[in-house]
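Biologist: Could you take me through one part of this protein closely? I would like to look at the N-terminal domain and what it touches.

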Amino acid sequence: MISIIGAGKVGSAIGFLSASASLDDIVLVNRNKNKAMGEALDIVNVVPKNSTISVTGTDDYENIAGSQVVVITVNAGKIVTDRSDLIQYNIPIIKDISKKIERYASNAKVIVITNPVDVITYCILQESGLSVKNVIGMGSSLDSDRFRYAISKTLHTNQSGIESIVLGEHGNSMVPIFSTVKLDGKAIHFDKNQMTDITNEVRNYWRPLTELKGASVFGAAKHSYDIIKAIMKNESLEVPSSVMLHGEYGISDVCMGVPLVINKNGASIKEIDLDDSEHDMLVKSSNVIKNNIKKI
Ligand SMILES: NC(=O)c1ccc[n+]([C@@H]2O[C@H](COP(=O)([O-])OP(=O)(O)OC[C@H]3O[C@@H](n4cnc5c(N)ncnc54)[C@H](O)[C@@H]3O)[C@@H](O)[C@H]2O)c1
């Protein structure tokens, strides 16, 4: 069973993708019960003909009992300057939901989408007492695809064949890792101006999205779905996502995006080689998140 807490734009899109792939029974939880029930009524029509899964909407957390995956997509407040604007609105909600997860679904894998995702992932771990490998914040994999798109435009090529990862905060201090970028398996050299321009574009991708659309929905939902599917189907998905660090990359006591392998047992961290300047930027990014964690 997959429970999605927050049946808003991203939560319902994740429900749509999961139901159309018949991943498992889906429970949508929203503080507004009618909204959850309405989304469920719509989503249930995409369930394939040979599938036995159910799709339900509720405001009652007892219904998440027995979930293999709990997805957090609740939100209150608006991003004005950066994602950390949401701390004051989302932390009280998240503290409450963490207790409910601890009570009803303490063995679930928790996928966090709510922003600021690194801070929220840390908060859920603190408040719920869940195991570190079971709480994963989605953000860096979406940033990595934004990086891929920006590289494709710079190189005047399509996105296919480009390998690219972004690590660190899902926020303004994120670190595009240029040293590992490959096109068709071959390393690519970028000059300083290209790196500056691409980094700015990736870090600020949310701004035109906010102006033109409101926020990411499909990108966020697809990357979340990939993680849910890897857990439900026990695939070994290699993506960067936010987890608690205990000395990996020389960094501790913070959640941030690092390369992971994700399967039915949750997340395990993969350490990759970075050049010195990338490592310095990653440490700086971890300090930005740590300063925001102090606010919770
Ligand atoms: N990590 C990422 O890469 C990424 C990408 C896109 C969006 N996001 C974040 O995902 C979150 C959701 O975005 P959205 O566009 O779907 O927002 P939304 O406003 O459309 O949906 C949020 C839903 O949460 C519900 N809600 C609020 N408090 C609740 C509670 N206590 N219990 C149950 N439901 C509650 C609201 O009623 C609403 O339906 C935001 O924080 C957004 O910034 C993250």
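Modeller: Here is a walk through that domain, its neighbour, and a helix pair. Keep in mind that this is a predicted model.

Start with the name. An unreviewed UniProt entry annotates residues 2–137 as "domain: Lactate/malate dehydrogenase N-terminal". Over that stretch, the chain is 39% helix and 17% strand. The C-alpha atoms at its two ends are 16 Å apart.

Now place this part in the chain. The protein divides into domain 1, residues 2–137, and domain 2, residues 140–293. Their C-alpha centres lie 22 Å apart. Each domain brings residues to the contact: 32 from domain 1 and 32 from domain 2.

Which elements of domain 1 give two or more residues to the side that touches domain 2? Two are helices, α1 (9–20) and α4 (117–128). The strands are β4 (69–72), β5 (109–112) and β6 (135–137). Sort the residues on this side of domain 1 by class, and you get 19 nonpolar, six polar and seven charged.

Stay with β5 and α4. The loop between β5 and α4 holds P116. The peptide bond from N115 to P116 is cis. Its omega is near -5 degrees.

Next, follow α4 to its partner. Helix α3, residues 87–104, packs with α4 at an angle of about 40 degrees. The two axes are 9 Å apart. The crossing of α3 past α4 is right-handed. On the α3 side, the contact is made by I87, N90, I91, I94, K95, S98, K99, I101 and E102. On the α4 side, V119, I120, C123, I124, E127 and S128 take part. By class, the residues of this contact are eight nonpolar, three polar and four charged.

So α4 appears twice in this picture. It gives residues to the side of domain 1 that touches domain 2, and it packs with α3.

Finally, a glance beyond domain 1. Two residues there are worth finding on the screen. D184 has a positive phi of about 50 degrees, although it is not a glycine. D184 sits in the loop between β10 (182–183) and β11 (186–187). Y249 also is not a glycine, and its phi is positive, about 55 degrees. Y249 lies in the loop between β12 (237–246) and β13 (252–263).

Are these residues buried or exposed? D184 is exposed, because just 10 other C-beta atoms lie within 10 Å, and the cut-off for exposed is 12 or fewer. Y249 is buried, because it has 20 other C-beta atoms within 10 Å, and buried needs 20 or more.

Key. Residues numbered from 1 in each chain as written. Predicted model: local features only at pLDDT ≥ 70, side-chain atom pairs only at ≥ 80, totals over all residues. UniProt positions renumbered as here; feature names shortened; annotations may be inferred. Helix = DSSP H or I, 4+ residues; strand = E, 2+ residues; numbered from the N terminus. Domains from an automatic or database assignment. Contact = placed C-beta atoms within 7 Å. Nonpolar A, V, L, I, M, F, W, Y, C, P; charged D, E, K, R; others polar. Axes fitted to C-alpha atoms, helices over the stretch in contact; angles between N-to-C directions. Left-handed = near helix turned anticlockwise from the far one by under 90°.
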